[in-house]
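Biologist: I am new to this structure and would like a close look at one part of it, namely how the first helix packs against its partners and what lies beyond them. Could you take me through that slowly?

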Amino acid sequence: MVGTNHRRSRTKFTEDQLKILINTFNQKPYPGYATKQKLALEINTEESRIQIWFQNRRARFGFQKTPGPKTLESSQSHGQDQPYMELQSREARRCRTIYSTSQLRTLIEAFMKNPYPGIDCREQLAKEIGVPESRVQIWFQNRRSRFHLQRKREVVSLEPEDQGKISEGLQGAEDTQNGTNFPSNSHSSRARTW
């Protein structure tokens with residue numbers, strides 16, 4: 001497995017690709033999986049890059065999925081004719097990725113070695129277990145989140161005087177739910193790289 005830890009190269013869209021993305025965004029800021037797949041084919045890129053572009057665009061413009069009374073009033077006063085029912089309707093989602101026992105074993109082993117793998121490591125894992133790299137990335141994000149939530153619960157359930165002692169030793173502590181460890185040179189000692 002490749003041990004380097006660097007980010008994916010920034011995806012740069014051409015003007016024509018951006019026009020297509022912006023037009024679609026103006027019609028449907030929350031596209032479903034089928035729409036993102038169609039766009040990916042149309043502009044010749046990965047669906048995961050389309051997904052990230054829409055997430056970033058919504059964040060930049062402060063979109064909310066369910067508008068409150070103020071949002072509805074302000075959108076009407078700005079002359080937007082986008083029907084809000086469209087925002088609330090759900091297009092088909094991506095099918096949930098189901099991992100086999102051997103795939104999970106491989107992912108957990110990689111997580112124990114490095115909970116923040118770089119793009120090279122994720123691509124190698126994806127090839128090894130036969131899933132897209134974007135699914136491996138999401139698996140690691142979910143796994144780290146679950147690990148941190150469990151740690152918080154364990155610290156909160158302890159007596160106040162024990163919390164300081166335990167929080168110092170959490171980095172190498174075993175995850176009792178799934179038997180994984182964060183390595184001692186874990187994420188807190190370096191910047192995130194994914």
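**The first helix and its partners**

Modeller: H1 and H2 are roughly antiparallel to each other (an angle over 145 degrees), and it helps to begin with this pair. The model is a predicted one, in which local features need pLDDT of at least 70 and side-chain atom pairs count only at pLDDT 80 or more, whereas totals for chains, interfaces and linings use all residues. Residues are numbered from 1 along each chain as its sequence is written, and side-chain values use heavy atoms, leaving out hydrogens and water.

H1 packs with helix H2, residues 33–43, at an angle of about 160°, and their axes lie 10 Å apart; the axes are lines fitted to C-alpha atoms over the stretch in contact, with angles from 0 to 180 degrees between N-to-C directions. Helices are DSSP runs (H or I) of at least four residues, numbered from the N terminus. The crossing of H1 and H2 is right-handed, that is, the near helix is turned clockwise from the far one by less than a right angle. On the H1 side the contact (heavy atoms within 4.5 Å) is made by Gln17, Ile20, Leu21 and Thr24, and on the H2 side by Thr35, Leu39, Glu42 and Ile43. By class, the residues of this contact are four nonpolar, three polar and one charged.

The other partner of interest is H3, against which H1 (residues 15–27) packs at an angle of about 60°, with the two axes 11 Å apart. That angle makes H1 oblique to H3, and H1 again passes its partner in a right-handed crossing. Here Leu18, Leu21, Ile22, Thr24 and Phe25 of H1 meet Ile50, Trp53, Phe54, Arg57 and Arg58 of H3. Leu21 and Thr24 thus appear in the contact with H2 as well as in the contact with H3. The residues where H1 meets H3 divide into seven nonpolar, one polar and two charged.

H3 also leads us on to the largest pocket, which holds about 760 Å³ of space. Of the 25 residues that line this pocket, the closest to its centre are Thr11, Arg49, Ile52, Trp53 and Asn56; Trp53 is also one of the H3 residues that meet H1. Two elements, helix H3 (47–61) and helix H8 (133–156), give two or more residues to the lining, and H3 gives the most, with nine residues. By class, the lining has six nonpolar, nine polar and ten charged residues.

Further along the chain, helix H6 (residues 101–113) and helix H7 (residues 119–129) pack at an angle of about 160°, their axes 10 Å apart, and are therefore roughly antiparallel to each other. Their crossing is right-handed, and Gln103, Thr106, Leu107 and Ala110 in H6 meet Leu125, Glu128 and Ile129 in H7.

Conventions. Angles under 35 degrees count as roughly parallel, over 145 as roughly antiparallel, 65 to 115 as roughly perpendicular and the rest as oblique. On a 1 Å grid over the protein atoms alone, a cavity is a set of points where a 1.4 Å probe fits but cannot get out, and a pocket is an open set with protein on both sides within 12 Å along at least five of seven lines; lining residues have an atom within 4 Å of a point. Grid points are joined across faces, edges and corners, and a volume is the space filled by probe spheres set on the points. Ala, Val, Leu, Ile, Met, Phe, Trp, Tyr, Cys and Pro count as nonpolar, Asp, Glu, Lys and Arg as charged, and the others, Gly among them, as polar.
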